[in-house]
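These are my notebook entries on a single chain. I set out to record what I looked up, in the order in which I looked it up.

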Amino acid sequence: MRKIGIQQIEDIALGASLLGAGGGGDPYIGKLMAIGAVRECGEVTLLSPEEVPDDALIMPIAMMG
């Protein structure tokens, strides 16, 4: 289990801008939205697949556009 906070979001956005080749555009707006969510709700807990119970309800989400 790991936590994703503001510094990790900054790092992910930098990596996405340098390494992203999918044509998704500048990650700046997404970064601001993620930072705002962490400030409002706290850090995100990231689980490895082995930590998720077999009967867990998983709801994938995405932002496109």
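**Entry 1: K31.** I began with K31, which is buried, having a relative accessible area of 17%. The cut-off for buried is under 20%, so a value of 17% places K31 in that class. I note for the record that the model is a predicted one. K31 belongs to helix α2. Setting aside residues up to four places away in sequence, I listed what K31 touches: I9, E10 and A13.

**Entry 2: the salt bridge.** I then asked how many salt bridges the structure holds. The count is 1. I found that K31 forms a salt bridge with E10, and the closest N and O atoms lie 3.1 Å apart. This pair links distant parts of the chain, since K31 sits in helix α2 and E10 in helix α1, 21 residues apart. I looked up the accessibility of the partner as well: E10 is partly exposed, at a relative accessible area of 31%. The bridge between K31 and E10 thus joins a buried residue to a partly exposed one.

**Entry 3: helix α2.** I checked the length of the helix that carries K31. Helix α2 covers residues 28–41, and at 1.5 Å a residue its 14 residues should span 20 Å. The C-alpha atoms at its ends are 20 Å apart, which agrees with that expectation.

Next I asked which residues of α2 are buried. They are K31, I35 and V38. Viewed down the axis of α2, the buried residues fall within an arc of 60°, so they line one face of the helix. The general rule I have in mind is that an α-helix has 3.6 residues a turn, so residues three or four places apart point the same way.

I then asked what the buried residues of α2 pack against. Their partners are β1, residues 2–4, and α1, residues 6–19. On the face of α2 turned away from the buried side I recorded the exposed residues I29, E40 and C41. After α2 comes G42, and I noted that its phi is positive, near 100°.

**Entry 4: I29 and the surface patch.** I29 is found in helix α2. I looked up its relative accessible area, which is 52%. Exposed means over 50%, so I29 counts as exposed at 52%. I29 also takes part in a nonpolar surface patch of about 410 Å², made together with Y28, L32 and M33.

**Entry 5: P27.** I moved to P27, which has its place in the loop between α1 and α2. P27 counts as partly exposed, at 21% relative accessibility. Beyond residues up to four places away in sequence, P27 touches A13, A16 and S17. For A13 I also took the distance: P27 and A13 are 14 residues apart in sequence, and their C-alpha atoms are 5.9 Å apart in space. I noted that A13 appears among the contacts of K31 too.

**Entry 6: I4.** I4 lies in strand β1 and is buried, with a relative accessible area of 18%. Leaving aside neighbours within four places in sequence, I recorded contacts of I4 with I9, V38, E43, V44 and L46. One of these, V38, is a buried residue of α2. I4 and L46 stand 42 residues apart along the chain, and 7.0 Å separates their C-alpha atoms.

**Entry 7: E51.** I looked up E51 in the segment after β2, a strand of residues 44–46. E51 is partly exposed, with a relative accessible area of 35%. Apart from neighbours within four places in sequence, E51 is in contact with M1 and L46. The C-alpha atoms of E51 and M1 are 7.9 Å apart in space, although the two are 50 residues apart in sequence.

**Entry 8: the chain as a whole.** Finally I recorded the totals. The chain has 2 helices and 2 strands, and from the N terminus on its elements run β-α-α-β. Of its 65 residues, 11% count as buried. Among contacts between residues at least 6 apart in sequence, 78% join residues at least 24 apart. The chain exposes about 5600 Å², of which carbon and sulfur atoms supply 62%.

Methods
Residues numbered from 1 in each chain as written. Predicted model: local features only at pLDDT ≥ 70, side-chain atom pairs only at ≥ 80, totals over all residues. Heavy atoms only, no water. Helix = DSSP H or I, 4+ residues; strand = E, 2+ residues; numbered from the N terminus. Expected span 1.5 Å × (residues − 1). Buried < 20%, exposed > 50% of the residue type's maximum accessible area, 1.4 Å probe, protein only. Arc of directions from axis to C-beta. Contact = heavy atoms within 4.5 Å. Patch = residues over 30% accessible without salt bridge, like charges linked within 9 Å, V, L, I, M, F, W, Y side chains within 5 Å. Areas by Shrake-Rupley, 256 points an atom, 1.4 Å probe, with all protein chains shown as cover. Salt bridge = Lys/Arg side-chain N within 4 Å of Asp/Glu carboxyl O.
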